[in-house]
Amino acid sequence: MAATIPRYRCLNGHSWSSPFKVFLPHATASTSSSGPSRSFATTTDDLPTTNPRAKRTTFADKLNAGPSFSDFVSGKEAPLDPAEAYALKTALVGPKGKKKEITRLPPWLKTPIPDSSSYKKIKNDLRGLNLHTVCEEARCPNISDCWGGSSKSAATATIMLMGDTCTRGCRFCSVKTSKAPPPLDPHEPEHTAEALSRWGLGYVVLTSVDRDDLADGGAHHFAETVRKIKSKAPAMLVECLTGDYAGDLEMVKLVATSGLDVYAHNVETVEALTSQVRDRRATFRQSLSVLKAAKEAKPGLITKTSIMLGLGETEEQVWAAMRELRAIDVDVVTFGQYMRPTKRHMPVHEYVTPAVFEQWRVRALEMGFLYVASGPLVRSSYKAGEAFIENVLKKRRAGRAETANADIAGDIPVKIIESGNL
């Protein structure tokens, strides 16, 4: 008589089941030459129960009811609509009973942690010469891209003059603030020029904190730095992103005629939101007067500004700001997403999608701006924009101002510049 093997049951109280739907036969007999035949038990208590109370939904049931492997590799699924792909995700965070809903950072705003050799070398050079950068102080998300070139000469960094402490307290900015910052370093112009000449860059950006504690707002210090750079590297192109010098237009003219190639000053946001976003000493009208005075001080000088989106501005307000900028012949404008540096700063009102940024780029070009950089991660000191401006300035120097085509890295918008429009 064939031996009967023991019956086994799973912990859930019913017969063995597998998530891969592999079942053993209930009555199978086999014989071999080396031993007696064996058979599986076939009693009815091995069959699944039909009692609905005892039936449980297991992980295997859920897995078997879901999509099969072929569903993932068939290639029949249509791509997501942009509106769905850009949908923002929310999550509840905090202790039980005190949870609050937050908006997760969209995937198009996530950037890698900087760790390249070029990044480390630039950081060491800056610390060794006691220099600061807005890239670090303002927590720019592009620092990995700008500092992470294949070599230091292929990287860019925006040097921040006059220390790392500002006398103003804008609600969007993470730079340290104080009514009485440390005194200026008299060696900073020389050290800055030395660092930049070491790197062999073709285009550099200088910016500064606001120094309302100084009689001239630091304008002479700024101008001296530009002159030192030009004396060490005459071919180097210099862009200066300045403050408003408390409305002192003579100081604006001093910097504009110091030998720089691009004068930048940011309006930051639309006029209606300026009082909420910026320090009360900074106004939209005052910023416009700075850009206008710089252009008048040196005809042909490229002027540049930047606007943050996602602060609660309306479409008509952005249109109005652009019309004001074109009225004073601003050449370059950049649009970027406002990102909240810390909980102490004003919250993000909206994460603007890449498609909307592209719309503003096209609209601004149609209005006559020389160049427009527009995207979620674009900042006023933006690598692609600097490359385009460098190309324009070199063509001017070579006496070929009739056309200036940008075709850098294959992804910078091309705009034809007619003779006399620059």
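Buried means under 20% relative accessible area, exposed over 50%, and partly exposed in between. Keep that cut-off at hand for the exercises below, which all use a predicted model.

**Exercise 1. The aromatic pair**

Find how the rings of Trp 319 and Trp 360 are arranged, and decide whether each residue is buried or partly exposed.

*Solution.*

Step 1. Start with the search of the whole structure, which returns 2 aromatic pairs. In one of them, the ring centres of Trp 319 and Trp 360 are 5.5 Å apart and the planes meet at 65°, so this pair is edge-to-face. The angle decides the label because planes over 60 degrees apart count as edge-to-face.

Step 2. Place the two residues on the chain. Trp 319 belongs to helix H12 (residues 315-327) and Trp 360 to helix H13 (residues 354-367), with their positions 41 residues apart, so the pair links distant parts of the chain.

Step 3. Apply the cut-off. Trp 360 has a relative accessible area of 5%, so it is buried. Trp 319, at 23%, is partly exposed.

Step 4. Look around the pair. Phe 335 joins Trp 319 and Trp 360 in a cluster linked by ring pairs. Arg 363 lies over the face of Trp 360, 4.6 Å from the ring centre. A similar search turns up Arg 326 over the face of Phe 369, at 5.2 Å from the ring centre.

**Exercise 2. The nonpolar cores**

Work out which elements supply the largest nonpolar core, and what Leu 206 touches.

*Solution.*

Step 1. Begin with the residues. The largest nonpolar core has 32 of them, and those with the most contacts inside it are Leu 196, Leu 206, Phe 222, Tyr 245 and Tyr 263.

Step 2. Turn to the elements. At least two core residues come from each of these: strands E7 (158-161), E10 (203-208) and E11 (237-241), and helices H7 (188-199), H8 (219-232), H9 (249-256) and H11 (284-297).

Step 3. Note the second core. It is separate, has 30 residues, and includes Val 267, Leu 311, Leu 325 and Trp 360.

Step 4. Zoom in on Leu 206. Setting aside residues up to four places away in sequence, its contacts include Ile 159, Leu 161, Leu 196, Phe 222, Val 226, Ile 229, Val 238 and Leu 241. Thr 192, Thr 225 and Glu 239 are also among them.

Step 5. Keep the general picture in mind: in soluble globular proteins, nonpolar side chains tend to be buried together.

**Exercise 3. Salt bridges across the chain**

Compare the settings of the salt bridges Arg 168–Asp 212 and Lys 232–Glu 194: which parts of the chain do they link?

*Solution.*

Step 1. The structure holds 21 salt bridges. In one of them, Arg 168 meets Asp 212 with the closest N and O atoms 2.8 Å apart.

Step 2. Locate both ends. Arg 168 is in the loop between strand E8 (165-166) and strand E9 (176-177), while Asp 212 is in the loop between E10 and H8, 44 residues apart. Arg 168 is buried at 5%, whereas Asp 212 is partly exposed at 30%.

Step 3. Now take Lys 232 and Glu 194, whose side chains meet at 3.6 Å, N to O. Lys 232 lies in helix H8 and Glu 194 in helix H7, so this bridge ties together parts 38 residues apart in sequence. Lys 232 is partly exposed at 36%, and Glu 194 is partly exposed at 28%.

Step 4. Add the bridge between Arg 211 and Asp 213, with N and O atoms 2.9 Å apart at the closest. Arg 211 is buried at 3%; Asp 213 is partly exposed at 36%. Through shared partners, salt bridges also join Arg 168, Asp 212, Asp 244, Asp 279 and Arg 281 into one network.

**Exercise 4. Two polar side chains**

Identify what the side chains of His 221 and Thr 207 reach.

*Solution.*

Step 1. His 221 is in helix H8 and is buried, at 11% relative accessible area. Its side chain makes a polar contact with that of Glu 188, at 2.7 Å.

Step 2. Beyond its neighbours within four places in sequence, His 221 also contacts Met 162, Leu 184, Asp 185 and Pro 189.

Step 3. Thr 207 is in strand E10 and counts as buried at 6%. The side chain of Thr 207 reaches the backbone oxygen of Leu 241 at 2.8 Å.

Step 4. Finally, the C-alpha atoms of Thr 207 and His 265 are separated by 9.4 Å, though the residues are 58 apart along the chain.

Key: Residues are numbered from 1 along each chain as its sequence is written. This is a predicted model: local features need pLDDT of at least 70, side-chain atom pairs count only at pLDDT 80 or more; totals for chains, interfaces and linings use all residues. Side-chain values use heavy atoms; hydrogens and water are left out. A nonpolar core is a set of buried Ala, Val, Leu, Ile, Met, Phe, Trp, Tyr and Cys residues joined through side-chain atoms within 4.5 Å. Buried means under 20% relative accessible area, exposed over 50%, partly exposed in between (1.4 Å probe, protein chains only). Helices (H or I, at least four residues) and strands (E, at least two) are DSSP runs, numbered from the N terminus. Contact means heavy atoms within 4.5 Å. A salt bridge is a side-chain nitrogen of Lys or Arg within 4 Å of a carboxyl oxygen of Asp or Glu. Rings of Phe, Tyr and Trp (its six-membered ring) pair if their centres lie within 6.5 Å; planes under 30 degrees apart count as stacked, over 60 as edge-to-face and the rest as tilted. A charge sits over a ring if NZ of Lys or CZ of Arg is within 6 Å of the ring centre and within 35 degrees of the ring normal. A polar contact is a pair of N or O atoms within 3.5 Å; within protein, one must be able to donate a hydrogen and the other to accept it, and residues adjacent in sequence count only if both atoms are side-chain atoms.
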